[in-house]
Amino acid sequence: MARSRRKNKAVARNIAQERIEYLFNLAKSEFSENSEKSKRYVALARKIGMRHRISIPPELKRSFCKNCGSLLVPGNNSRVRLKDETIIMTCLTCGNIKRYPFDKEKNE
């Protein structure tokens, strides 16, 4: 019985991962018409990830504000600045700031 439960969890996690990606795609497509809907899609994706204990991929994790939950679209509701070796993303909805490191190309 333990093996079937393990398989069911693996299948559920795969389905949840697909749904998270699909909800983020919907949020990106819906953002220009209705930003509240895109906010709801992001919230649903985060809730699915928490329920199934799946981490959201880093490229998707960087595309929403953890404070207010809105989808971050550079130039529309977020500001992106490069300073030294960090990317500074500011949410213009709530003012939350996120900093990510990046490596400059190394000339060898």
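The following exchange discusses a predicted model, with attention to its strands, its loops and a few single residues.

Colleague: In what order do the three strands of the open sheet lie?

Modeller: The sheet is open and its pairing is antiparallel. Its edge strands are S1 and strand S3 (97-101), each of which pairs on one side only. Neighbouring strands are turned by 20 degrees against each other on average, direction ignored. The order of the three strands is S1-S2-S3.

Colleague: How many bridges join S1 to S2?

Modeller: Strand S1 spans 78-83 and strand S2 spans 86-91. The two strands run antiparallel. Two strands count as paired if there are at least two bridges between them. The number of bridges that join S1 to S2 is six.

Colleague: Which residue in S2 is the bridge partner of Lys83?

Modeller: Another bridge between these strands may serve as a starting point: Arg81 has Ile88 as its bridge partner in S2. S1 and S2 form a hairpin with two residues between them. For Lys83, the bridge partner in S2 is Thr86.

Colleague: Which residue in the turn of the hairpin has a positive phi?

Modeller: The turn belongs to the hairpin of S1 and S2, which has two residues between the strands. The residue in question is not a glycine, and its phi is about 55 degrees. Its place is in the loop between strand S1 (78-83) and strand S2 (86-91). The residue is Asp84.

Colleague: Is Asp84 buried or exposed?

Modeller: A residue is called exposed if its relative accessible area is over 50%. The relative accessibility of Asp84 is 62%. Because of this value, Asp84 counts as exposed.

Colleague: What is the phi of Arg53?

Modeller: Arg53 has its place in the loop between helix H2 (35-51) and helix H3 (58-61). Arg53 counts as exposed because its relative accessibility is 64%. Although Arg53 is not a glycine, its phi is positive, at about 55 degrees.

Colleague: Why is Ser63 classed as buried?

Modeller: Ser63 is found in the loop between H3 and S1. The class of buried residues is reserved for a relative accessible area under 20%. Ser63 is therefore buried, since its relative accessible area is 10%.

Colleague: With which residues is Ser63 in contact, leaving aside its neighbours within four places in sequence?

Modeller: Contact requires heavy atoms within 4.5 Å. Ser63 is a buried residue, and its place is in the loop between H3 and S1. With the neighbours within four places in sequence left aside, the contacts of Ser63 are Phe24, Ser70, Leu71 and Leu72.

Note on methods: Residues numbered from 1 in each chain as written. Predicted model: local features only at pLDDT ≥ 70, side-chain atom pairs only at ≥ 80, totals over all residues. Heavy atoms only, no water. Helix = DSSP H or I, 4+ residues; strand = E, 2+ residues; numbered from the N terminus. Buried < 20%, exposed > 50% of the residue type's maximum accessible area, 1.4 Å probe, protein only. Axes fitted to C-alpha atoms, helices over the stretch in contact; angles between N-to-C directions.
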